[in-house]
Every structure is written in C-alpha cells, then in structure tokens.
Amino acid sequence: MAIAAIGTTVFAEPVHPVLQNVAHGAGLTLGAVISAFLIERWRIRPSDLLDPKSVWRTLAAVVAGTFAGAVSATTVVMLVGGPGTFAAGVEDRAARVLDWA
C-alpha cells in the first residue's frame with residue numbers, strides 16, 4: 001500500500017482523505033486475496049518452499065497481488081474527482097515539479 005499512497009500523493013492531491021484511506025484498505029485486501037488466489041491456483045504448498053522454483057512463483061504471486069492492489073487503490077482515489085480533476089491535478093503537479101527543477 002506504500003506504492004498506492006505514494007502514487008496518489010505524487011499524481012493527484014486527494015479530494016477526500018477518508019476515501020483515500022478506505023481505498024487503500026480495500027486495495028490492501030484485494031492484493032492479499034489475489035496473492036492467495038495465485039498461490040492456491042499454482043498449487044504451492046508450504047512444504048514446497050524449499051524448492052527455489054516454488055519460492056520464485058510465490059514471490060511472483062505476492063508481487064502481482066501487491067501491484068494489483070496498489071493500482072486499484074490509486075485509480076479509485078484519483079478518479080473520484082472525475083477525469084477532468086485528475087488531468088488537472090497531474091498537470092498542476094507536473095508544472096510544480098518542473099518549476100522546482
């Protein structure tokens with residue numbers, strides 16, 4: 001969720017801070033569910049974790065779940081204000097960064 005928090009802070013200033021917290025919590029839950037689903041789908045058992053191939057597959061499942069949760073949470077928070085607000089927020093943030101550099 002650190003990725004989602006950084007993403008929403010960098011790309012857009014959230015309009016509703018409470019919604020941002022709820023979306024991050026939902027994204028964290030979604031990421032965990034996706035990771036667990038992939039681990040179950042790929043039939044990785046705890047006894048298989050001594051095998052390097054299973055460790056890599058488990059790591060891939062966790063990364064995929066984390067990425068999906070972060071992207072969904074960031075997208076929900078940024079689109080709450082509507083696409084116009086999102087685009088304006090990105091342009092404003094980019095202008096500030098370029099002006100600072």
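Start by colouring the chain by secondary structure: you will find four helices and zero strands, and the order from the N terminus on is α-α-α-α. Helices here are DSSP runs of H or I with at least four residues, strands are runs of E with at least two, and both are numbered from the N terminus. What you have open is a predicted model, where local features need pLDDT of at least 70, side-chain atom pairs count only at pLDDT 80 or more, and totals for chains, interfaces and linings use all residues. Residues are numbered from 1 along each chain as its sequence is written, and side-chain values use heavy atoms, with hydrogens and water left out.

**Stop 1: helix 2**

Select residues 17–41, which make up helix 2. Its 25 residues reach 36 Å from the first C-alpha to the last, close to the 36 Å expected at 1.5 Å a residue (the expected span is 1.5 Å times one less than the number of residues). Now highlight Q20, A23, H24, G27, G31, S35 and L38, the buried residues of this helix. Buried means under 20% relative accessible area, exposed means over 50%, and partly exposed is in between, using a 1.4 Å probe and protein chains only. Just after helix 2, click on R43: its phi is positive, near 55°.

**Stop 2: S35 and its neighbours**

Go back into helix 2 and zoom in on S35. Is S35 buried or exposed? S35 counts as buried because its relative accessible area is 10%. Leaving aside residues up to four places away in sequence, S35 touches A61, V62, G65 and T66, where a contact means heavy atoms within 4.5 Å. Try showing the distance from a polar atom of the S35 side chain to the backbone oxygen of A61: the two lie 3.2 Å apart.

**Stop 3: helix 3**

Next, select residues 52–79, which form helix 3. At 1.5 Å a residue, its 28 residues should span 40 Å, and the end C-alpha atoms are 40 Å apart, so the two agree. The buried residues of helix 3 include S54, T58, A61, G65 and G69.

**Stop 4: a surface patch**

Stay in helix 3 and pick L59, which counts as partly exposed because its relative accessibility is 43%. Add W56 and V63, and you have a nonpolar surface patch with about 350 Å² of accessible area together.

**Stop 5: the whole chain**

Finally, zoom out. Of the 101 residues, 24% count as buried. Among contacts between residues at least 6 apart in sequence, 69% join residues at least 24 apart.

Key: Patches are made of residues with over 30% relative accessible area and no salt bridge: like charges are joined within 9 Å, nonpolar side chains (Val, Leu, Ile, Met, Phe, Trp, Tyr) within 5 Å. Accessible areas come from the Shrake-Rupley method with a 1.4 Å probe; for residues, only the protein chains shown count as cover. A salt bridge is a side-chain nitrogen of Lys or Arg within 4 Å of a carboxyl oxygen of Asp or Glu. A polar contact is a pair of N or O atoms within 3.5 Å; within protein, one must be able to donate a hydrogen and the other to accept it, and residues adjacent in sequence count only if both atoms are side-chain atoms.
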